Amino acid sequence: IFIYNCDYGTISGNNISLNEYGICLDSYCHYNNIAENTANNNSYGIYLDHSDYNTISGNNASYNEYGIYIDYYSDYNNILDNIINYNDDGIYLFLH
């Protein structure tokens with residue numbers, strides 16, 4: 001699931017596997033809710049780039065290269081109550 005420049009959306013109840021990105025918020029996605037998804041066996045389970053004030057909660061991001069990857073200029077995001085197991089990196093924060 002690839003979301004570009006979207007605010008105040010909800011991504012929930014999905015099962016995403018065998019992709020480069022399970023869920024990707026790219027370029028100015030703000031105030032979104034990513035909840036109750038399964039993103040397993042991807043390169044990136046959940047990926048944020050240039051995206052602020054999002055809530056990532058109740059997801060399962062396992063067996064990925066990165067469980068949750070927070071990239072450039074993604075600030076003030078809430079990451080709560082997720083299952084992040086058996087990834088090369090669980091939660092990766094790229095500091096700018």
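What radius of gyration does the protein chain have, and what would a compact globule with 96 residues have? The protein chain has 11 Å, which agrees with the value near 12 Å for such a globule. The model is predicted. Its secondary structure comes to 0 helices and 11 strands.

**Overall dimensions and surface**
- The C-alpha trace spans about 30 × 30 × 25 Å along its principal axes.
- Of the 96 residues, 45% count as buried.
- The exposed area of the protein chain is about 5200 Å², and carbon and sulfur atoms supply 45% of that area.
- Among contacts with a separation of 6 or more, 26% come from residues 24 or more positions apart.

**Nonpolar cores**
- The largest nonpolar core has 11 residues, including Ile11, Ile23, Leu25, Cys29, Leu48 and Ile70.
- Strand 4 (21-26), strand 7 (44-49) and strand 9 (66-70) each supply at least two residues of this core.
- A second, separate core has 5 residues, among them Tyr44, Tyr47, Tyr66 and Tyr69.
- Leaving aside residues up to four places away in sequence, Leu48 touches Leu25, Ile34, Asn54, Ile56, Tyr69, Ile70, Asp71, Ser74 and Asn77.
- In soluble globular proteins, nonpolar side chains tend to be buried together.

**Cysteines**
- The disulfide count comes to 0, with a cut-off of 2.5 Å between cysteine sulfur atoms.
- Cys24 is not bonded because the closest cysteine sulfur, in Cys29, is 7.8 Å from its own sulfur, too far for a bond.
- For Cys29 the closest cysteine sulfur is in Cys6, at 5.9 Å, which is also too far for a bond.
- Cys24 counts as buried at 1% relative accessibility, and Cys29 is buried with a relative accessible area of 0%.

Notes. Residues numbered from 1 in each chain as written. Predicted model: local features only at pLDDT ≥ 70, side-chain atom pairs only at ≥ 80, totals over all residues. Heavy atoms only, no water. Core = buried A, V, L, I, M, F, W, Y, C linked by side-chain atoms within 4.5 Å. Buried < 20%, exposed > 50% of the residue type's maximum accessible area, 1.4 Å probe, protein only. Helix = DSSP H or I, 4+ residues; strand = E, 2+ residues; numbered from the N terminus. Contact = heavy atoms within 4.5 Å. Rg over C-alpha atoms; globule rule 2.2 N^0.38 Å. Areas by Shrake-Rupley, 256 points an atom, 1.4 Å probe, with all protein chains shown as cover.
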